[in-house]
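Colleague: I have a structure open and should like to go through its helix packing and charged pairs with you. Could you take my questions in turn?

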Amino acid sequence: MSAPNKSYDPVEVTSLHPDEVARMRAEALAAIEAASSLDELKQTRLAHAGDRSPLALANREIGALPPHAKAEAGKRVGGARRDVSEALKRRQAELEDERDQRVLVEEAVDVTLPWDRVQRGARHPVTTTAERMTDVFVSMGFEIVEGPEVEAEWFNFDALNFPPAHPAREMQDTFFVESEESGLVLRTHTSPMQVRALLTRELPVYVVCAGKTFRTDELDATHSPVFHQMEGLVVDEGITMADLRGAIDAFVVGMFGEGLRTRFRPYFFPFTEPSGEVDMECFVCRGASAEPGGEPCRTCRSEGWIELGGCGMVNPRVLIACGVDPERYSGWAFGLGVERTLMFRHGVEDMHDMVEGDVRFTRAFGMEI
Ligand code: FA5
């Protein structure tokens, strides 16, 4: 701002010259009229009515004028600023009105659209099967536990009595995270949850865990590289193999109905001793397809039995690794395939159906949420 000057003529101050004030006013009004959105108008307001706008700067010059010149210049600049401010107000109202009209049209709900043709989503049958499987045990008083899918090698193998470089580690065809030295794997089974449960819970332990597991298996009719297992674990005083047998029988009744026999076949797992594979009688042919002259059965491939998974008595070495006294406590564990259970239960012949996400497959299982 210039210093006061008695002989100052406002006409000499360029920005206060009537033509110049008229030009600034006209320029501002034209810009306001041209603003086509509220955002644009905001910019125009800053440029033509803000603290650094030409009219605001001209207004500052008035202070330096001699008193007799102030009134006239003030009137001129003040009038122009008032016009600009009113034009802004008017344009703001117009643009807000336009926006409201547009929103009403754009966001209108067409109540005549057919609402019943929008497909509703539902949970995948693998999820609902896993839930049903764990429910059988929850009804017997078991608790559900969950654990990480990216697992420490120690939980997945070492604590489960797989010696380093034991072929069993390769047997499980592991996905290692980053490198084999990282110590991290995508869990190859839900059995690490046995160790996690024993390390974190008070005894006795009665838990089930259903979740994703990963192996480098090729996707084929009966295998997937990503599949689900349900693990069961009991550790208490006086637990025997008869308890395991009873739990498996209760599971078969819960999932497939009454009257189906089960059988154990000897097998090897480093974390159970003795170990077995558990089969149930085919719930479709009830074993008849394996009899001489029996009708062929697709569900059990005419073997009469269906393999459910692995099981056994918890190896005392696992109990020791988890700080549990094997002299006092014993336990059992099992691990069952969820996809396989779903396949048997619903006569699904190909694992591809379960992983490809085709709604023509999943819709047949209903819309359970
Ligand atoms: C195990 O994974 C053991 N952890 C089970 C166990 C738990 C034994 C507790 C003893 C005590 P196995 O590798 O057999 O075992 O796998 C168990 C089940 O997972 C199989 O019977 C099968 O139903 C399912 N399964 C295994 N690999 C695949 C695969 N690639 N795709 C789909 N299901 C699979």
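**Salt bridges and packing**

Modeller: This is a predicted model, and the structure holds 17 salt bridges.

Colleague: Which residue does aspartate 83 meet in a salt bridge?

Modeller: The side chain of aspartate 83 meets that of arginine 25, at 2.6 Å from N to O. Aspartate 83 belongs to helix H4 (residues 67-106) and arginine 25 to helix H1, so the pair ties together parts that are 58 residues apart in sequence.

Colleague: Is aspartate 83 buried or exposed?

Modeller: Aspartate 83 has 27% relative accessibility and therefore counts as partly exposed. Arginine 25 is partly exposed as well, with a relative accessible area of 31%.

Colleague: What about the packing of helix H1 and helix H3: at roughly what angle do their axes cross?

Modeller: The axes of H1 (residues 18-34) and H3 (residues 54-62) cross at roughly 150 degrees and come within 10 Å. The two helices are therefore roughly antiparallel to each other. The crossing of H1 past H3 is left-handed.

Colleague: Which residues make that contact?

Modeller: H1 contributes Val21, Met24 and Arg25, while H3 contributes Pro54, Leu55 and Ala58. By class, the residues of this contact are five nonpolar, no polar and one charged. Arg25 of H1 thus appears in this contact and in the salt bridge with aspartate 83.

Colleague: And H3 against H4: at about what angle do they pack?

Modeller: H3 and H4 pack at about 160 degrees, and their axes are 10 Å apart. That makes H3 roughly antiparallel to H4. H3 passes H4 in a left-handed crossing.

Colleague: Which residues of H3 and H4 meet?

Modeller: From H3 there are Leu55, Ala56, Asn59 and Ile62; from H4 there are Lys70, Ala73, Gly74, Val77, Ala80, Arg81 and Val84. This contact divides into seven nonpolar, two polar and two charged residues. Leu55 of H3 is also among the residues that touch H1.

Colleague: Let us turn to the strands. Which residue forms a salt bridge with aspartate 279?

Modeller: The partner is arginine 263, and the closest N and O atoms are 2.9 Å apart. Aspartate 279 lies in strand E7 (residues 272-281) and arginine 263 in strand E6 (residues 262-269), so the pair ties together parts that are 16 residues apart in sequence.

Colleague: Is aspartate 279 buried or exposed?

Modeller: Aspartate 279 is buried, at a relative accessible area of 2%, whereas arginine 263 is partly exposed, at 31%.

Colleague: Where does arginine 265 come in, and which side chain does it meet?

Modeller: Arginine 265 meets glutamate 307 in a salt bridge of 3.9 Å, N to O. This pair links distant parts of the chain, with arginine 265 in strand E6 and glutamate 307 in strand E8 (residues 305-314), 42 residues apart. Arginine 265 is partly exposed at 27% relative accessible area, and glutamate 307 is partly exposed at 38%. Shared partners join Arg263, Arg265, Glu277, Asp279 and Glu307 into one network of salt bridges.

Colleague: One last topic. Which residues of helix H11 are buried?

Modeller: In H11 (residues 338-346), the buried residues are Val338, Glu339, Thr341, Leu342, Met343 and Phe344.

Colleague: What covers them?

Modeller: The cover includes helix H5 (125-138), strand E5 (226-236), helix H9 (241-256), E8, strand E9 (330-337) and helix H12 (352-355). E8 is also the strand that holds glutamate 307.

Colleague: Which residue follows H11?

Modeller: Glycine 347 follows H11, and its phi is positive, near 65 degrees.

Conventions
Residues numbered from 1 in each chain as written. Predicted model: local features only at pLDDT ≥ 70, side-chain atom pairs only at ≥ 80, totals over all residues. Heavy atoms only, no water. Axes fitted to C-alpha atoms, helices over the stretch in contact; angles between N-to-C directions. Helix = DSSP H or I, 4+ residues; strand = E, 2+ residues; numbered from the N terminus. Parallel < 35°, antiparallel > 145°, perpendicular 65-115°, else oblique. Left-handed = near helix turned anticlockwise from the far one by under 90°. Contact = heavy atoms within 4.5 Å. Nonpolar A, V, L, I, M, F, W, Y, C, P; charged D, E, K, R; others polar. Salt bridge = Lys/Arg side-chain N within 4 Å of Asp/Glu carboxyl O. Buried < 20%, exposed > 50% of the residue type's maximum accessible area, 1.4 Å probe, protein only.
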